[in-house]
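Student: Could you take me through the ligand and its surroundings, one step at a time?

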Amino acid sequence: MSMPLEGIKIIDFTHVQAGPACTQMLAWFGADVIKIERPGAGDVTRSQLRDIPGVDALYFTMLNSNKKSLTLDTKKPEGKEVLEKLIRESDVLVENFAPGALDRMGFSWERIQELNPRMILASVKGFSEGHHYEDLKVYENVAQCAGGAASTTGFWDGPPTVSGAALGDSNTGMHLAIGILTALMGRQKTGRGQKVSASMQDAVLNLTRVKLRDQQRLDKVGFLEEYPQYPNGKFTDVVPRGGNAGGGGQPGWVLKCKGWETDPNAYIYFTIQSHAWGQICKALGKEEWIDDPAYNTPIARQDKIFDIFAFIEDFIKDKTKFEAVDIFRKFDIPCAPVLSMKEIAEDESLRKSGSIVEVEHKERGKYLTVGSPIKFSELTPEIKASPLLGEHTDEVLKRLGYSDEQIAALHAQQAV
Ligand code: COA
């Protein structure tokens with residue numbers, strides 16, 4: 001099957017998670033992604049959080065599938081020469097080093113344009129260019145704090161809380177991927193490349209926009225009716241942490257199910273969608289609430305929303321989370337079980353759809369990884385294992401015109 005990004009050559013000068021997540025997705029869709037790694041060590045995630053001694057860690061394998069690995073010391077003249085050749089023949093260079101690292105290496109945007117005016121330089125940084133924190137190095141949780149997510153996540157009586165979802169890392173990589181594809185489309189019109197960057201703070205903020213909405217509502221009216229603090233708690237002048245409240249116009253909460261005392265994930269998320277009120281009452285056997293003016297509008301329910309949730313909790317206390325969802329789904333109520341990672345790993349539907357795949361790695365054997373969360377009618381990405389360190393060095397150098405003798409000499413010069 002011909003893949004849409006086939007023929008697009010990407011220099012993957014990324015590490016850790018944000019950049020690799022971006023280039024992995026482009027590789028899934030057919031781009032020829034060559035990951036440049038430091039000889040001897042490679043991407044730091046190869047050796048971080050290892051579960052098998054001496055074998056590439058899952059941290060690396062789950063972010064670098066479908067890529068080639070080229071080892072190159074780009075601070076040495078011979079390595080720089082190879083990188084220059086690659087820049088001349090490639091379409092995109094993606095990097096997520098600390099601010100200024102690429103310039104220090106001698107590959108400023110100006111130099112890259114000299115080498116290849118069609119080149120798209122795509123960068124992830126912690127903060128955007130010109131930001132008063134632009135010099136900072138940033139990891140996931142730092143970005144979640146700087147992007148507004150942490151101050152609005154968790155419970156009101158606890159500290160700011162970070163999410164288990166990689167809002168700073170993989171999410172920024174996804175934003176960058178959209179930027180790269182847009183720049184590629186732009187290049188078709190202008191013939192020129194451009195610099196594309198996504199900051200982790202901005203990418204987190206883009207997902208935290210409803211809280212910026214809430215800040216402005218709070219400034220205007222002094223309260224937020226869908227938050228647990230309403231109507232009896234206190235609001236200050238900043239958006240509070242709302243626990244598990246629904247972030248939109250539909251109230252929701254995490255509800256205990258059978259076994260919650262011992263199983264930390266025996267819960268469902270239940271949403272009281274306003275137009276489903278009648279259905280909710282029927283599901284709960286509380287038909288008398290359907291037309292009761294004390295219950296039949298969202299505003300009427302607001303001051304007793306937690307009593308309603310308590311009633312639902314009582315209704316499902318002898319049902320597992322799966323049984324509870326099976327009851328409510330018949331009434332068209334938006335809800336889902338809280339799934340553990342173990343349940344997700346074993347979920348048949350996720351395997352069937354290719355959202356979780358098992359791949360064979362040369363050294364570790366079979367491992368689970370994520371597949372494309374985007375589904376197409378005309379293509380099915382085939383998820384392949386991540387490359388070993390330097391696995392494709394000779395292949396790439398040959399393609400660039402290096403002879404066997406030159407390759408051997410380069411290996412000797414780059415040896416660590
Ligand atoms: N050959 C030679 N040198 C190489 C190389 C190669 N193949 N690959 C990287 N390097 C060098 C870089 O040039 C840099 O050198 P310098 O500091 O002398 O200029 C150095 O290795 C490492 O760069 P740095 O990015 O500072 O690594 P770090 O481990 O100290 O910091 C981050 C890691 C993630 C904090 C930092 O890269 C960062 O803030 N990146 C931007 C934001 C980001 O993406 N963060 C999320 C990561 S998931």
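Tutor: Happily; here is a close look at the ligand site.
This is a predicted model, where local features need pLDDT of at least 70, side-chain atom pairs count only at pLDDT 80 or more, and totals for chains, interfaces and linings use all residues. Residues are numbered from 1 along each chain as its sequence is written, and side-chain values use heavy atoms, with hydrogens and water left out.

Let's start with the neighbours. The ligand is surrounded by 24 residues, and K75, A98, R104, K137 and V138 are the closest; a residue belongs here if one of its heavy atoms lies within 4 Å of the ligand. This shell holds 12 nonpolar, five polar and seven charged residues. In that sorting, Asp, Glu, Lys and Arg count as charged, Ala, Val, Leu, Ile, Met, Phe, Trp, Tyr, Cys and Pro as nonpolar, and the others, Gly among them, as polar.

Now for some individual atom pairs, each of them a polar contact (a pair of N or O atoms within 3.5 Å). K75 has a polar side-chain atom 2.6 Å from an oxygen atom of the ligand. For R38, a polar side-chain atom lies 2.9 Å from an oxygen atom of the ligand. L72 takes part through its backbone instead: one of its polar backbone atoms is 2.8 Å from a nitrogen atom of the ligand. As for cover, the ligand taken alone exposes 930 Å², and the protein buries 84% of that; these accessible areas come from the Shrake-Rupley method with a 1.4 Å probe.

Note on methods. A polar contact is a pair of N or O atoms within 3.5 Å; within protein, one must be able to donate a hydrogen and the other to accept it, and residues adjacent in sequence count only if both atoms are side-chain atoms.
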